Amino acid sequence: MATSHAEHHDHHEMSFWEKYIFPLDHKVIGMQYLFTGILMGVLGAYFSYVFRMQLAFPGTEVPLFGLVTSAQYNSLITNHGTIMIFWFAMPILVAAFGNYLIPLMIGADDMVFPRINRLSYQIFFISVLVLIASFLVHNGGFGGAWTAYPPLSAKAEYNLTPWGSILWLVAVVLEFVAFLLGGINFITTLMNSRARGMKMNDIPIVCWMIVLASILFMASAGPLIAGAAMLLFDQTIGTGFFDPARGGDPILWQHLFWFFGHPEVYVVFLPAMGIVAEVITTFSRKKLFAYKVVLFTTFATGILSFFVWAHHQFIAGIDPRLANIFTVTTLLISIPIAEMLFVYIATLYGGAIELTTAMLFALGFLATFLIGGVTGVFLGASGADIYFHDTYFVLAHFHYTFVPIAVIAVFAGLYYWFPKMFGRFMNETLGKIHFWGTMIGFNGIFMPLFFTGAAGDHRRIFDYSNFPELAVSSLQNLRTLATICVVITILFQFVFFWNFFYSMFKGKVCTEKNPWKANTLEWFAASPPPHGNFPVMPEVYRGPYEFSTPGRELDYWPQNEKA
Amino acid sequence: MIELLSSNGSSFAGDINNLILIITVLSGFWLLVAEAVLFWLIFKFRRVPGVRAQYITGERKEEMKWIHWPHNLILVCDVVIIVFAIRVWYHVKQDLPEAQSTIRVIGQQWAWRYVMPGADNILGTKDDIETVDELHVKVDTVYHFKLESVDVLHDFSVPQFRLKQDAIPGRIVTGWFKPTKTGTFDIQCAEMCGIGHGIMMSKLVVETAEEHDKWVASHTPAGVASN
């Protein structure tokens, strides 16, 4: 039955149009998300280059851009944040890896709802067009920060971008619709389409993580979509949901936004942890330490993440007594996260660690995410947040979480699954150059910014020369250092792009199905897997991390291999 | 520690500094331990040909303790931080000491406006002094501020005072501070408020009692006798 199904997929040649533009195959949809996400990431990185150049050399022409006005500056930082979260981190971590990996890793031939899947990407693609259109309209793109606090975002007389702010909001809502559709698909597929014999505890962690992330997203997005509808009405037809003069309340938006916004951090964090779990187990030839603990800490994190949102609003004018409750919940969430990281570190104990590029990036994720984690404690503690709120310390903190998540872990995943995706290997030497360039550059950007933030640099400032305490050369040198490191980091990404695209067509051919000797089911499919994925639908006999099992000659034991 | 980067200008700045120091020590300790263990494991368990990895499930009790002990210790650290954080928060934001003087602070795109009481030290009388982008206060005096906004969100931030509070249109938010040092301090707007956000800078001048009285006298609106 399964075999005939796979054959059915192959029996007619599909046109380019059918195969790549309107695909139903989960792998092609995953690739669409991946390449769109990479393109948007390039755009977001370009924005960061422009505004960092403005900060390092205020008022001079930025190469490849020109003079930066304060309105442009605001729009660049706003859209850098928006793009990197909604159009780079989410499409790659959740949609690209989710689409590509879930059916392959659970031994299914495709998603449960392939047409919904295709619709999800199509809506996502429209959201990209709407967002890009928002930069090109009269008065330019929205510049009220990615959090879009009203009244600034609600009224054109305040933000001065009458069209940019509306289109920005519409784009965000469309993107949400796309991810809700995708999420339904991931959850249903994982629950219904697992290979025969795959029990809950046999599901690879990355699949769990992407599905739990989708559940978090679906549970948290509702309030923000309601908020977005209200904001859109405030912008366009003159309602007053967030206008205090007419009985509205601007703080309401902040609650709706952060009720979504904090779980959103974990929506991208969990898939990254999943990718890292797959990579470190394979390249240390170790069973994941305490699989169930990882799952339980993930559940705990997911549930707690709904009760921490107001730590973004300690000084926003909420009742000060409320801050005490959110300090407690916020510091408590450090426990499951720390436990998860300890489990990953413990997995390395007794391993046979091979430092491939993928493994280097996975270990780099752990090393840098730890810094992002502990610096969060300063901000979760209400008393200290009074000083750090809205400074570069916050910015450095969350870049130490988001860059490991959306850049470093993504690279780990791409280097790891590249042979499966394209049937060729990436060059390891170039990969290692790329790794060290990225790690040194990344730390060089954000380490100095902890100090400028702790010295009082507040965020979203176009030019610090207006502030005597901040316009001192010691701080300016740190800002310039960060900018130089942005340029270095971006330059090292060209090594990656060369390696990635060259290897896709000319790289060393991967003849094996399972080049890394891993256990999960995607390595049982051909490289690259054909439409329908498996020649014979696999059956599962054991968990995904049975490496170095005593009494076996081989140090791995594929899930589908009969005992 | 933080005072090396930004000095203390208010009575509660030291409390916030101490809290930051406690967090730095506790979280710094955990960061160093975790990084050290991570790098040690990577170094110690590099692949050597012929040496096989160990099979550890991490599900036995004596294995789990390696996770559970750090977990419990972190919980203890969290409780310590929570207690100190809430104490500082309560002192700075919840428990307002009796005001010796009250001022109004009004944010607007893109300037700060201040209303200070005149010689009578009562706000809302004829001799009030209104200024733009320059706030004058007396050292060692407990001030209450009534924070307002006329258009969008702003944030009244004085880094050296460790003082920060959003201004919200339609509300009056009350807070306090007590300057402990004379001099001129930066006031920032720390909440994105539009294209002029980066120029919304103003000055806080802390003066001795005599200097302040002189300033008040010279700025009292013409024609208003100070009762």
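In this predicted model, B:Ile106 has B:Arg113 of strand β2(B) as its bridge partner. The pair belongs to the ladder between strand β1 (residues 101–108) and strand β2 (residues 111–116) of chain B, two strands that run antiparallel and are joined by 5 bridges.

Both strands are part of an open sheet of 5 strands in chain B, ordered β3-β2-β1-β5-β8, in which the pairing is mixed. At the edges of this sheet stand β3 (129–132) and β8 (173–177) of chain B; each has a single partner strand, so one side of each lacks a neighbour in the sheet. Ignoring direction, neighbouring strands here are turned against each other by 25 degrees on average.

Chain B also contains an open sheet with the order β4-β10-β9-β6-β7, again of 5 strands and with mixed pairing. Its edge strands are β4 (134–138) and β7 of chain B, each of which pairs on one side only. From one strand to the next, the twist averages 20 degrees.

At the β4 edge, β4(B) runs parallel to strand β10 (residues 202–207) of chain B, and 5 bridges join the two. Within this pairing, B:Leu135 has B:Leu204 of β10(B) as its bridge partner. Helix α3 (residues 209–219) of chain B lies across β4 and β10 of chain B, and its direction makes an angle of about 135 degrees with β4(B).

At the other edge, strand β6 (residues 154–158) of chain B pairs with β7(B) in the antiparallel sense over 5 bridges. B:Phe156 finds its bridge partner in B:Gln165 of β7(B). The hairpin of β6(B) and β7(B) has 4 residues between the strands, and in it B:Arg162 adopts a positive phi near 55 degrees.

Is this edge strand buried or exposed? In strand β7 (residues 163–167) of chain B, 5 of the 5 residues are buried, so the strand is largely enclosed by the rest of the structure. In a regular strand, side chains alternate between the two faces of the sheet. Both faces of β7(B) are covered, with B:Leu163, B:Gln165 and B:Ala167 buried on one side and B:Lys164 and B:Asp166 buried on the other.

Finally, the two chains meet in a contact that takes 84 residues from chain A and 73 residues from chain B. Several helices of chain A each supply at least two residues of the side that touches chain B, among them α4 (70–106), α9 (250–284) and α16 (428–454). The largest share of that side, 10 residues, comes from α12(A). By residue type, the side of chain A that touches chain B divides into 53 nonpolar, 20 polar and 11 charged residues.

Definitions and conventions. Residues numbered from 1 in each chain as written. Chains lettered and ligands numbered in written order. Predicted model: local features only at pLDDT ≥ 70, side-chain atom pairs only at ≥ 80, totals over all residues. Contact = placed C-beta atoms within 7 Å. Nonpolar A, V, L, I, M, F, W, Y, C, P; charged D, E, K, R; others polar. Buried ≥ 20, exposed ≤ 12 C-beta atoms within 10 Å, placed from the backbone. Pairing = 2+ DSSP bridges. Axes fitted to C-alpha atoms, helices over the stretch in contact; angles between N-to-C directions.
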